[in-house]
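Please walk through the model below, beginning with its pocket and moving on to a pair of strands and a loop residue.

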Amino acid sequence: MKKIIVAALMALVTLGAGAQSLFWDSSDADKTVVFGGRFGWNFASVAGKGSNYFDGRKGIAFGAAVDVNLIKSFSINTGLYFTMKGCSLNCEAIVDDMVGIAAKSTQAVNFIELPVYASYHLRFNPDSDLQIFAGPYFGVGVYGKQGNKLRDSESYAEDKVNLFGKKNLGYHRWQYGIGLGASYTFNEHYLVGLQYQWGISDVGELLDNQWNCFQLTLGYNF
């Protein structure tokens, strides 16, 4: 009986150590800093007042990732990324029950973003790594244009406005928000990830709206 009890206790200790190593490993990481390249697809939208009138904008995102591993189960994810955001608005009206007027406004707003995410690592084996991350991101607008198109039965007009220029529409170049997502690394180098960003800062001076974004990412770690 004593041998059975001792064997059972040893089995429990072994299982506990294995579970601790799987869910939380505080030992030193194999690499302190991991660099990688990222390419993804953005699905941006507008949140806030009147957001249901706007359609989202599809775009791309790419950049360089830096993962600073403090221990095997925890790291800080950062890097620099180019991200495309924006929206569009379509309007149609009938004047005098005869003349139809159609208007479309499209906003293309691109940012350079710096995330600072806390990342939890769950390692199933030495070659795979599931990361769950969250934290703030900060962005600066590098391109912002609004294209306006107006058409009726007799004429067509089109113009463009610089959102960040001297004669802008009061749009804020600096943006920040919260990101939440997960990524999976396999064969040590290849990565696929999902992320959602909630904008906190307002789009513009007189606009109670924020940029939100869903992102699908593919990557390679060096």
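By class, the lining of the largest pocket in this predicted model is made up of 18 polar, 15 nonpolar and 11 charged residues. That makes a lining of 44 residues, and the volume of the largest pocket is about 950 Å³. Of the lining residues, Asp67, Asp129, Gln131, Thr185 and Asn221 lie nearest the centre of the pocket. As general background, a probe the size of a water molecule, rolled over the atoms, shows where empty space is left.

The next stop is a pair of strands. Strand 5 covers residues 117-125 and strand 6 covers residues 128-151. The two pair in the antiparallel sense, over 6 bridges. One point at which to check this register is Ser119, whose bridge partner in strand 6 is Phe133. The connection between strand 5 and strand 6 is a hairpin of 2 residues.

The last stop is a loop residue. Glu205 sits in the loop between strand 9 (190-199) and strand 10 (209-221). Is Glu205 buried or exposed? Glu205 counts as exposed because its relative accessibility is 57%, and the cut-off for exposed is over 50%. Glu205 nevertheless has contacts beyond its sequence neighbours: leaving out residues up to four places away in sequence, Glu205 touches Gly170 and His172. Gly170 is 35 residues from Glu205 along the chain, and the C-alpha atoms of these two residues are separated by 5.2 Å.

Methods. Residues are numbered from 1 along each chain as its sequence is written. This is a predicted model: local features need pLDDT of at least 70, side-chain atom pairs count only at pLDDT 80 or more; totals for chains, interfaces and linings use all residues. Side-chain values use heavy atoms; hydrogens and water are left out. On a 1 Å grid over the protein atoms alone, a cavity is a set of points where a 1.4 Å probe fits but cannot get out, and a pocket is an open set with protein on both sides within 12 Å along at least five of seven lines; lining residues have an atom within 4 Å of a point. Grid points are joined across faces, edges and corners, and a volume is the space filled by probe spheres set on the points. Ala, Val, Leu, Ile, Met, Phe, Trp, Tyr, Cys and Pro count as nonpolar, Asp, Glu, Lys and Arg as charged, and the others, Gly among them, as polar. Two strands pair if DSSP finds at least two bridges between them. Helices (H or I, at least four residues) and strands (E, at least two) are DSSP runs, numbered from the N terminus. Buried means under 20% relative accessible area, exposed over 50%, partly exposed in between (1.4 Å probe, protein chains only). Contact means heavy atoms within 4.5 Å.
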